[in-house]
Amino acid sequence: MPAIDTAISTTDILEQRSRRDARHERLFRWLLKGCALIVLASLLGAAGATLWGGRDAFGTFGWHFLVSSEWDPGNDVYGALVPVYGTVITSFIALLIAVPISFGIAVYLSEVAPAWLRTPVASAIELLAGIPSIIYGMWGLFIFAPFFADHIKPWLTSNLGNKPDDGKLSWVAEHVPFVGKLFGSDYPFGASILVAGIVLAIMVIPFISSVMREVFQTVPTRLKESAYALGSSTWEVSWDIVLPYTRSAVIGGIFLGLGRALGETMAVTFVLGNAMHLSASLLDPGTSIASTIANQFSEAAGLQKSALMALAFLLFVVTFIVLLIARLMLRRLASKEGR
Amino acid sequence: MNSPYLRRRITNALAMVLSTLATLIGLAFLAWILWETLRQGISALDLKLFTKVTAYGEDGGLLNSMVGSLVINFIGIGIATPIGVLAGTWLAEYANRTRLGESIRFLNDILLSAPSIVMGLFVYTIIVLPSTALTHGSTTFSGFAGGVALALIALPVIVRTTDEMLRLVPSTLREAALSLGVPQWKLTLQILIRAARSGIITGVLLALARISGETAPLLFTAFGNNYMAINPMDKMSSLPQIIYQYANDPGDAMHALAWAGAFVITMFVLLLSLASRLILSRTKVSHD
């Protein structure tokens with residue numbers, strides 16, 4: 001009965017094959033899952049490694065580490081306040097400049113520009129995002145900071161600051177509180193907190209504007225057209241229809257830019273001047289978390305190294321939270337679209 | 001006469017002018033940065049850049065840094081590509097709409113913008129420190145550690161593009177293969193990844209563009225080296241690291257070398273993004 005034999009052996013072969021396939025399938029699944037878990041591991045690992053590295057500093061200084069402005073390698077006393085302040089203030093300046101400009105670019109690209117111009121301009125702006133941060137740093141250090149020191153800073157110090165060159169206080173510096181302090185400086189160079197903020201702003205503009213442009217395009221055309229039909233102007237449609245509809249995603253885009261600005265190292269390190277002291281003036285040099293680490297880590301040892309690791313942990317946690325908010329906000333619009 | 005209308009018109013005109021101005025500001029800075037990089041870079045270009053190492057200082061070139069950058073980037077992409085493609089495949093094909101899959105996709109997006117300097121410190125802790133301890137101090141920083149740090153930065157880019165590209169592959173393709181009895185792993189490897197190939201290659205190129213300018217994570221991993229190093233277990237120079245070092249040097253000749261390095265990196269990155277755009281022009285996907 002050769003026919004039955006072949007039938008049996010065919011089933012055998014088929015069974016064998018399906019067992020083999022199932023084995024391969026299991027193996028393949030585990031391999032893929034393992035690779036995906038590496039993503040998770042690298043996030044947890046980065047947080048864990050910096051926390052572990054910073055344990056000495058956290059243990060020695062406790063909560064005092066966060067509020068102390070002392071950073072004295074000679075006496076082995078470290079506080080995070082100066083770099084934390086620098087990181088926060090430069091990112092804040094960056095957003096202050098970048099958000100309105102990005103909004104303008106997004107409105108221009110989605111409502112104002114003629115159709116043929118949109119793609120090339122959008123790609124050009126996105127090109128800014130592709131330029132490595134060290135190039136921004138070089139440009140900032142050698143081109144923009146000297147330009148700022150020659151052309152912009154003298155105007156700011158003499159018209160707004162409390163330490164003008166000719167000794168005559170301007171009306172603004174005399175009558176508006178804080179402004180004089182913010183723009184008063186007798187430091188002769190360009191590298192300063194304000195310049196770092198401006199360079200950061202240029203860096204985050206492409207990120208914020210591309211998110212805004214993308215979400216502006218998700219606004220249903222009938223919504224915009226209804227507004228136009230009721231006699232709205234382009235600006236009213238952008239401000240009263242498009243912006244409210246996309247609000248959460250726009251905030252998400254801004255937080256995404258903030259996350260980038262907080263963690264940026266090279267561009268900031270070049271133009272911040274690296275001064276470990278607290279100054280109210282935006283025209284004085286300062287430091288940030290990332291640039292403190294970049295400058296000091298290679299030569300640091302012992303408690304100083306631990307303090308730098310602790311700084312890195314703070315930076316990681318703060319950017320994680322900011323980016324988390326960003327992604328949650330961006331996701332809200334996506335779920336509204338039913339995606 | 002019609003003051004509310006007039007006011008609205010003026011507001012509108014003003015807003016349109018301002019938004020155009022904002023775009024012009026963005027483009028002006030782009031032009032300024034690119035122009036200076038080109039101008040300063042081209043005037044510093046010299047044959048010795050490609051023939052001499054940095055040990056000669058002002059009279060030297062950038063040969064060891066360029067070779068170092070190539071080696072470190074190669075290691076970084078070499079590690080990140082298989083892991084990233086497989087992880088992206090898992091997200092798109094196996095864990096789509098599962099809770100773990102969604103969480104990893106979400107965390108991957110966060111990793112995409114995580115501060116690179118922290119990634120450098122992470123790799124310092126898990127590779128540089130243990131290797132120093134194991135070899136009693138003879139091995140410390142290494143090109144390999146730099147490559148791993150860059151791999152961690154490239155990884156989320158590749159994961160995300162692979163994930164997005166695979167989800168663009170029509171499900172009829174999957175159904176057709178499955179109905180013929182093809183096991184899912186074979187379907188994934190031989191059909192889906194092939195169908196999404198151009199998109200995945202784009203992701204790898206974008207990741208390469210992203211890491212080739214990274215400086216911060218290399219400072220504490222590959223460190224730097226004034227002489228030629230090919231062995232990835234040695235300290236290794238890289239273009240971004242030498243730019244950082246030379247730009248902080250007071251000498252003008254060093255600055256010229258730094259500009260030359262900046263020029264080389266910028267050209268490389270622009271060519272890569274151009275290439276990825278050309279490949280991508282057939283398919284459409286978002287990158288932020």
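**Buried and exposed residues in a predicted two-chain model**

In helix H1 of chain B, the residues B:Ala15, B:Ser19, B:Ala22, B:Thr23, B:Gly26, B:Phe29, B:Ile33, B:Thr37, B:Gln40 and B:Gly41 are buried. The model is predicted.

User: What covers the buried residues of H1(B)?

Analyst: The cover includes helix H4 (81-112), helix H5 (115-130), helix H6 (133-159), H9 and helix H11 (234-245) of chain A, together with helix H12 (252-280) of chain B.

User: How do you know that the span of H1(B) agrees with its number of residues?

Analyst: H1(B) has 42 residues, which at 1.5 Å a residue should span 62 Å. The end C-alpha atoms of H1(B) are 60 Å apart, so the two values agree.

User: How many residues does each chain bring to the contact, and what makes up the side of chain B?

Analyst: Chain B puts in 71 residues and chain A 73 residues. Helix H1 (residues 3-44) of chain B provides the largest share of the chain B side, 19 residues. By type, that side divides into 48 nonpolar, 19 polar and 4 charged residues.

User: Why is A:Asn274 called buried?

Analyst: The cut-off for buried is 20 or more other C-beta atoms within 10 Å. A:Asn274 has 20 C-beta neighbours inside 10 Å, and therefore counts as buried. A:Asn274 lies in the loop between helix H13 (266-271) and helix H14 (289-296) of chain A. Its phi is positive, about 50 degrees, although A:Asn274 is not a glycine. Most residues other than glycine have a negative phi.

User: What makes B:Arg97 count as buried or exposed?

Analyst: A residue is exposed if 12 or fewer other C-beta atoms lie within 10 Å. B:Arg97 has 6 within 10 Å, so B:Arg97 is exposed. B:Arg97 is found in the loop between helix H3 (63-94) and helix H4 (99-112) of chain B. B:Arg97 also has a positive phi, of about 70 degrees, and is not a glycine.

User: Which residues touch the most other members of the largest nonpolar core?

Analyst: They are A:Met138, A:Val199, A:Ala312 and B:Ala154, in a core of 185 residues. Helix H9 (residues 193-216) of chain A gives the most to this core, 18 residues. Beyond its neighbours within four places in sequence, A:Ala312 is in contact with A:Thr50, A:Ile293, B:Ile117, B:Val118 and B:Leu121.

User: How do you know what radius of gyration a compact globule of 339 residues would have, and what is the value for chain A?

Analyst: The rule, 2.2 Å times the number of residues to the power 0.38, puts a compact globule of 339 residues near 20 Å, but chain A has 27 Å. The C-alpha atoms of chain A fill a box of roughly 115 × 70 × 35 Å along the principal axes.

Definitions and conventions
Residues are numbered from 1 along each chain as its sequence is written. Chains are lettered from A and ligands numbered from 1 in the order in which they are written. This is a predicted model: local features need pLDDT of at least 70, side-chain atom pairs count only at pLDDT 80 or more; totals for chains, interfaces and linings use all residues. A nonpolar core is a set of buried Ala, Val, Leu, Ile, Met, Phe, Trp, Tyr and Cys residues joined through C-beta atoms within 7 Å. Helices (H or I, at least four residues) and strands (E, at least two) are DSSP runs, numbered from the N terminus. Two residues are in contact if their C-beta atoms, placed from the backbone, lie within 7 Å. Ala, Val, Leu, Ile, Met, Phe, Trp, Tyr, Cys and Pro count as nonpolar, Asp, Glu, Lys and Arg as charged, and the others, Gly among them, as polar. The expected span of a helix is 1.5 Å times one less than its number of residues.
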